[in-house]
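User: Could you walk me through reading a ligand site and a helix packing? I'd like the general idea, then the case here.

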Amino acid sequence: MSKTVCVTGASGYIASWLVKYLLQRGYTVKASVRDPNDPKKTGHLLALEGAKDRLQLFKANLLEEGSFDAAVAGCEGVFHTASPFTHAVDDPQAELIDPAVKGTLNVLGSCAKAPSVKRVVLTSSVAAVAYNGKPRTPDVVVDESWFSDPEFCKESKMWYVLSKTLAEDAAWKFVREKGIDMVTINPAMVIGPLLQPTLNTSAAAILNLINGAQTYPNASFGWVNVKDVANAHILAYETPSANGRYCLVESVVHHSGVVDILRKLYPSLQLPDKCADDKPFTPTYQVSKDKTKSLGISYTSLEDGIKETVESLKEKKFFVA
Ligand code: NAP
């Protein structure tokens, strides 16, 4: 009989790839979605190979206590990916922080009630790692020992970053108290092909550059491919010695560098040639790959990731060349 695992927020960008790969590997997947009757959220999952026999959908909301009990019951592994990723919020507490923090504790509460659960893999973020006010320059290497500082995030009004920082911190406290085995995956900006029909925030970062924008943001981000992120989740679950946190970053590149790659790949595209402000470019920094390499994670190049994203955005008609 195949092993059963749960994926929360299964209709999302990263989770859809995770569900695809888990089904490919023979797992039975109990997938939570907010609205199982919305074909935009479930159609692409139900069409995956193996879904007919081994995918079960469960309705669950991060803010409803006990909502995940049924999805988690009987599972050996739980992948908790559900968490809002958006920057456009009116009420950061209600729209980002509560679902991230209370939602994570809610899912972990369901895990604590399920004796079948052997390991939880939490989708955290570089947002929970790199934002603490320490200087980040090309010679600085960020690694898994870094933690973002909630006060710094609040002062800088980085509400999504704050939500991920508080959620990971609350998760570690909870699992230590309850003796739950948890590993976190901390990706940077995730790009690559979309399986879902809707546009997610990190793919939108590439769309915003090719959609006629006059300027590019003055920001340097780490970038990583969605397929590598999904694989990393599975490796973190299947490798008994996996532990702690895993930062996932192929490379840290300023938006001007992303535009350079786009120009090389698509010379005829109209691309922004000015930065959004006149300040010096936000410096890049390094993120250690040592720990992820020890887990056997390999990285798709940023150039391939950008190409896959553009092709996928075209195919899904978010962008007409
Ligand atoms: P996404 O496509 O927007 O997926 C987010 C998922 O969370 C969706 O399935 C969404 O459900 C679910 N969700 C949001 N609020 C919910 C609620 N109240 N109750 C139940 N489900 C809720 O984003 P993604 O990029 O795949 O992100 C997935 C995870 O990866 C998140 O934890 C995010 O913080 C993390 N992450 C993402 C990136 C990145 O660059 N993409 C980088 C690092 C970490 P609906 O579909 O119903 O809205």
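User: Which side chain offers an N or O atom to a nitrogen atom of the ligand?

Analyst: Look for polar contacts, meaning pairs of N or O atoms within 3.5 Å. Here the side chain of asparagine 61 puts an N or O atom 3.2 Å from a ligand nitrogen. Ligand oxygen atoms have partners too: a polar side-chain atom of tyrosine 160 at 2.6 Å, and a backbone N or O atom of valine 190 at 2.8 Å. Keep in mind that this is a predicted model, where local features need pLDDT of at least 70, side-chain atom pairs count only at pLDDT 80 or more, and totals for chains, interfaces and linings use all residues. Residues are numbered from 1 along each chain as its sequence is written, and side-chain values use heavy atoms, leaving out hydrogens and water.

User: How many residues surround the ligand?

Analyst: Count those with a heavy atom within 4 Å of the ligand. That gives 26, and the closest are Tyr13, Arg34, Thr81, Tyr160 and Lys164.

User: And at what angle do helices α8 and α12 pack?

Analyst: Helices are DSSP runs of H or I, at least four residues long, numbered from the N terminus. You fit axes to C-alpha atoms over the stretch in contact, and angles run from 0 to 180 degrees between N-to-C directions. Here α8 (residues 201-210) meets α12 (residues 302-315) at about 80°, with axes 10 Å apart. So α8 is roughly perpendicular to α12, a label for angles of 65 to 115 degrees.

Terms used:
A polar contact is a pair of N or O atoms within 3.5 Å; within protein, one must be able to donate a hydrogen and the other to accept it, and residues adjacent in sequence count only if both atoms are side-chain atoms. Helices (H or I, at least four residues) and strands (E, at least two) are DSSP runs, numbered from the N terminus. Angles under 35 degrees count as roughly parallel, over 145 as roughly antiparallel, 65 to 115 as roughly perpendicular and the rest as oblique.
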